[in-house]
Amino acid sequence: MEQQKTGIARNEDNFSLQLQTADGAFHSFVKSDLKSLEHQPRSLMPADYGTSLSPAEIDDIVSYLMKVGRAHPSETR
């Protein structure tokens, strides 16, 4: 059975891939077992976030990003 999964590559080396899907689940793969692997250089943030998220949700995202930036300042530059 052929499956397609989309998510964030959390751990990857020459032989394996650990993918986290939108539901938070982790999936591990042996790369040689994969039919294909496609990396997409796009944000997971929806393009229409200004209209699809409430002002409170946008505030929450900005607050989170500021908190992460302060906790790891050398990684944000």
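## The largest pocket

The lining of the largest pocket mixes residue classes: nine are nonpolar, eight polar and six charged. The pocket belongs to a predicted model. Its space comes to about 900 Å³. In total, 23 residues line this pocket. Closest to the centre are K5, T6, L19, L37 and E38.

Which elements give two or more residues to the lining? They are β1, residues 7–12, and β2, residues 16–21. Strand β1 provides the largest share, with three residues.

## The sheet

Three strands form an open sheet. Their order is β1-β2-β3, and the pairing is antiparallel. Strands β1 and β3 sit at the edges, each pairing on one side only. From one strand to the next, the twist averages 30°.

Strands of a sheet pair through backbone hydrogen bonds, in a parallel or antiparallel way. Here, β1 and β2 run antiparallel and are joined by five bridges. Within this pair, A9 has L19 of β2 as its bridge partner. L19 also appears among the residues closest to the centre of the largest pocket.

## The β2–β3 hairpin

Strands β2 and β3 also run antiparallel, and five bridges join them. L17 stands opposite F29, a residue of β3.

How many residues lie between the strands of this hairpin? There are four. In the hairpin, G24 takes a positive phi near 90°.

## Helix α1 and Y49

Helix α1 covers residues 49–52. Y49 lies in this helix. Is Y49 buried, partly exposed or exposed? Its relative accessibility is 39%. Buried means under 20% and exposed means over 50%, so Y49 counts as partly exposed.

Y49 can also be placed relative to T6. The two are 43 residues apart in sequence. In space, their C-alpha atoms are 20 Å apart. T6 is one of the residues closest to the centre of the largest pocket.

## Confidence in the model

How confident is the predictor, and where does the score vary? The chain averages a pLDDT of 87. Of its residues, 92% score at least 70.

Which element has the highest mean pLDDT? Strand β3, residues 26–30, does, with a mean of 95. Helix α1 has the lowest mean among the elements, at 88. That helix is the one that holds Y49. Strand β3 is an edge strand of the sheet, and contains F29 opposite L17.

Key: Residues numbered from 1 in each chain as written. Predicted model: local features only at pLDDT ≥ 70, side-chain atom pairs only at ≥ 80, totals over all residues. Heavy atoms only, no water. pLDDT = per-residue confidence, 0-100. 1 Å grid on protein atoms, 1.4 Å probe; cavity = no way out; pocket = protein on both sides within 12 Å on 5 of 7 lines; lining within 4 Å. Points joined across faces, edges and corners; volume = space filled by probe spheres on them. Nonpolar A, V, L, I, M, F, W, Y, C, P; charged D, E, K, R; others polar. Pairing = 2+ DSSP bridges. Buried < 20%, exposed > 50% of the residue type's maximum accessible area, 1.4 Å probe, protein only. Axes fitted to C-alpha atoms, helices over the stretch in contact; angles between N-to-C directions.
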